[in-house]
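I wanted to know how the ligand is held by the protein, and how far the coordinates around it can be trusted. These are my notes on what I looked up.

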Amino acid sequence: MKNIVLIGFMGAGKSTVAEAFHRTRGMEVVEMDARIAENEGMTIPEIFREKGEPYFRDLETGLLVELQKQENVVISCGGGVPLRERNVAEMKKNGTVIWLAASARTILERVKDSHDRPLLEGNKNLAYIENMLESRREKYEAAADLIIWTDGKTAEQICEEIVEQMKRQGGLCVG
Ligand code: S3P
């Protein structure tokens, strides 16, 4: 069975949708940030602060390669994973890449109370998020096999939509 690789901006709902796949379809979930933090014995903000962003980005690439050994997994990628060309190639080897798209307003609403995203600390306002989202849009689009809009939908609805679209594409691996 093919893996499902969820990409998208911070707060797009990747973790929540991955969790819904686990709950409704019993798929194993790999949360890249959590796995990296566990492997390093540090939180994501600590890795950024003490080792720097390029170090963190290399860990993301390494993990994508490692995950190619697994099947029937939903991989919830950190929001910056598709920014590297190499990562896009590694994601494609992992499975079907799905961009969970959301508006800047929805994203702001979802991230405003959390403090585990170093790139948004002190920048949680609509203009900043709109700008960053715009600068990444092309990369997300280029990496995606499927694009799903998430605004106003529940995780279960998004899950069903993904399954339907994958069926239509002939790439169904679940259900
Ligand atoms: C990042 C997204 C975060 C995390 C890190 C960098 C990004 O993951 O990997 O803070 O560059 O977009 P989430 O998308 O799960 O918040």
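The entries below go from the confidence of the model to the ligand and its surroundings.

I noted first that this is a predicted model, in which local features need pLDDT of at least 70 and side-chain atom pairs count only at pLDDT 80 or more, while totals for chains, interfaces and linings use all residues. Residues are numbered from 1 along each chain as its sequence is written, and side-chain values use heavy atoms, with hydrogens and water left out.

I looked up pLDDT, the predictor's confidence in each residue, from 0 to 100, and found a chain mean of 94, with 97% of the residues reaching 70 or more.

I then listed the shell around the ligand, counting a residue if one of its heavy atoms lies within 4 Å, and found 15 residues, the closest being Lys-14, Asp-33, Arg-57, Arg-117 and Arg-136.

I checked polar contacts to the ligand (pairs of N or O atoms within 3.5 Å). A polar side-chain atom of Lys-14 lies 2.5 Å from a ligand oxygen atom, and for the side chain of Arg-57 the distance from an N or O atom to an oxygen atom of the ligand is 2.6 Å. In the side chain of Arg-136, an N or O atom is 2.7 Å from an oxygen atom of the ligand.

I also looked at cover, using accessible areas from the Shrake-Rupley method with a 1.4 Å probe: the ligand has 390 Å² on its own, and the protein covers 96% of that.

How values were computed: A polar contact is a pair of N or O atoms within 3.5 Å; within protein, one must be able to donate a hydrogen and the other to accept it, and residues adjacent in sequence count only if both atoms are side-chain atoms.
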